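Below are some notes for a colleague who is looking over this model. Please read them with the sequence and the structure side by side.

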Amino acid sequence: MGANAISAQDRAYLARALELAARGMYTTDPNPRVGCVLVRGGAVLAEGWHERAGEAHAEVAALRAAGAAAAGATAYVTLEPCSHAGRTPPCADALIAAGIRRVVCCSADPNPKVAGDGIRRLEAAGISVAAGALAGEARALNPGFFSRFERGRPLIRLKLAMSIDARTAPAPSEGNGGRMWISGEQSRADVQIWRARSSAILTGAGTVRADDPRLDVRLNYGPWVRQPLRVVLDPSQSCSPHAKIFAGGGALVFVAAGAARPPAVQAPAPGAAPPFSVVRVPATVRGLDLAAVVERLTLREVNELWVECGPRLAAAFLEANLVDELILYVAPILLGADAAPLTALSGLAAKGLVPPSFEFADVQRVGEDLRLLLTPRSAQPKGH
């Protein structure tokens, strides 16, 4: 077998590296989730994974654990070693300096700052490189990272919850103001996991005014609880600066380019973050230009965008073909024809739009509910 051929044993070590990479699911953003295994003479010398942005990459973590024993070893990495200096030095240089003999990686890095340069640098130093095994699994672990560099935008997930008659809130006349939990407690806990892996959580001003949600992550998954960027689309700047979503500061509010300035907000206490930053984008007939919003979020290195919103904004994302995955929780209840609809899609034929069509990518029971993961038929995201 040639040095660049990938054996069954190689694939097994890469599978282990992917398991390690998944440990950084909630903490590496905006960096990819990467794992590394160092092997010599059929024995594992050390393992490492990228734990948090700004900290050591997977290769460096493994090299530190192995020490001088890394010389002559094979490094199994889930993504091409980086060749540029960012918050940390290039991993390709670290592997070369450590005397690594061979590198096996799942996939090239889509970042144009790398894009094969890491492999070329290793090969120029006399290191044998084999790539391509378990590439689909590596992409599925980092769908947003690949999407941002290959398609120029994040992977966008739209989350909705509905009754079995496709309604999302009871009619206000029923005495509850039109508010109630549709999905069960276990489904709501499941949503926390999806939020935690996301770079940003987006909603509309109507949801903020009606429900005053926090839209934060309430999971204890380790010492580095990373809160995704909270994003509100508020064309006319109608939300109160004291809404719960702005607690702690750091939120982002998109408003229409011509909207009036909001009333003066009391300055934050010394050292406290302002409640939110305002970004102005063009408006459309239905609201804000979602393509412009997504473009701005891409520039902020958002890999996975989680959208929780009402029927009108959900319809706008669907009509704009800006939904890569639809996460739909279905509760075994009926709310009636006068209850709020799942989306406000209407007049598609008059607009010259094709009705959105999906495929079932996954169906699971979550408590008393069903969770459906659907992908668009016309443009399924790579890695799924």
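1. The buried residues of helix 1 (buried meaning under 20% relative accessible area, exposed over 50% and partly exposed in between, with a 1.4 Å probe and protein chains only) are D10, Y13, L14, A17, L18, L20 and A21. Seen down the axis of helix 1, these residues fall within an arc of 155 degrees, taken from the directions between the helix axis and the C-beta atoms, so they line one face of the helix.

2. This is a predicted model, in which local features need pLDDT of at least 70 and side-chain atom pairs count only at pLDDT 80 or more, while totals for chains, interfaces and linings use all residues. Residues are numbered from 1 along each chain as its sequence is written, and side-chain values use heavy atoms, with hydrogens and water left out.

3. Helix 1 covers residues 8-21, where helices are DSSP runs of H or I with at least four residues and strands are E runs of at least two, numbered from the N terminus. Its 14 residues reach 20 Å from the first C-alpha to the last, close to the 20 Å expected, the expected span being 1.5 Å times one less than the number of residues.

4. I6, in the segment before helix 1, is partly exposed, with a relative accessible area of 27%.

5. In strand 10 (residues 251-256), 6 of the 6 residues are buried, so this strand is largely enclosed by the rest of the structure. Strand 10 pairs in the parallel sense with strand 11 (residues 276-281) over 6 bridges, pairing requiring at least two bridges found by DSSP, and the bridge partner of L252 in strand 11 is S277.
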